[in-house]
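These are my notebook entries on what I looked up in the structure, one topic at a time.

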Amino acid sequence: MRLSKDLGVPMYKAVVESAEFAHNFSMTEPPIMYMQKLDAMKAFRPNGWSGTKYMDNGEVRCKFYDKIQETKKKRELPKYGRENLPKNLLRYEVTFSTKGLSRLFGRDIVAEELWSKQVFWKLVAEWFGYYEDMVKLPNDCWDADYRIFESAKDFAKWCICIANADQNLSYYVKHVLFKLRTNPQPADRVLRRQIQKKI
């Protein structure tokens, strides 16, 4: 309405070119622990980049990432009350392109329809439905402690059961197992390099 007034054109009649739904979830563990257990649904291409999990089919993109880390990178953390922010905030976003919206509604939708309960709840249902359709690895799939590996050969045996799940093992070992390990030792770095060579 503000744009309509400032520009002197009825912006509420504009065709919606993309719509994004998102929600932040406060989690018990670091967001990466959950993202590594998700895989794309049928007809979606999975992609992991810089700590973000993407699933895309050309019309719709689903995205998971660590909201606190992203806010830190962009220097958008509030000056006051930072200590009250959740430690582990997982963000789930779904972005619908023009084609995705046209497929969903069978036509173009205009901005004022976003206030319509029918349109709004249909988008919410899609947002939830995509999550329901995602492949989820078993809860204990990644629940390993760095100390279980006495050698890189042990790691090779462990990864046989999950290698076919298209998971980013290199990222997981470095940013989850290695960085979050208990009782860090200098020798750990040598073992981590051996494990990366195995990968």
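Entry one, the two sides of a helix. In this predicted model, I looked at the face of α6 that is turned away from its buried side, and there I found the exposed residues Lys153 and Lys157. I then turned to the buried side of α6, which spans residues 152-159, and noted Ala152, Phe155, Trp158 and Cys159 as its buried residues. These four lie on the same side of α6 because they cover an arc of only 110 degrees around the axis. Next I asked myself what the buried residues of α6 pack against. Their partners are α7, residues 169-178, and α8, residues 187-198.

Entry two, backbone angles. I kept in mind that most residues other than glycine have a negative phi, and I then looked up two residues that have a positive one although neither is a glycine.

For Ala43 I wrote down a positive phi of about 75 degrees, and I located this residue in the loop between β2, residues 38-39, and β3, residues 45-49. Is Ala43 buried or exposed? Its relative accessibility is 66%, and exposed means over 50%, so I entered Ala43 as exposed.

For Asn183 I wrote down a positive phi of about 50 degrees, and I placed this residue in the loop between α7 and α8, the two helices against which the buried residues of α6 pack. With a relative accessibility of 55%, Asn183 also lies over the 50% cut-off and therefore counts as exposed.

Notes. Residues numbered from 1 in each chain as written. Predicted model: local features only at pLDDT ≥ 70, side-chain atom pairs only at ≥ 80, totals over all residues. Heavy atoms only, no water. Buried < 20%, exposed > 50% of the residue type's maximum accessible area, 1.4 Å probe, protein only. Arc of directions from axis to C-beta. Contact = heavy atoms within 4.5 Å.
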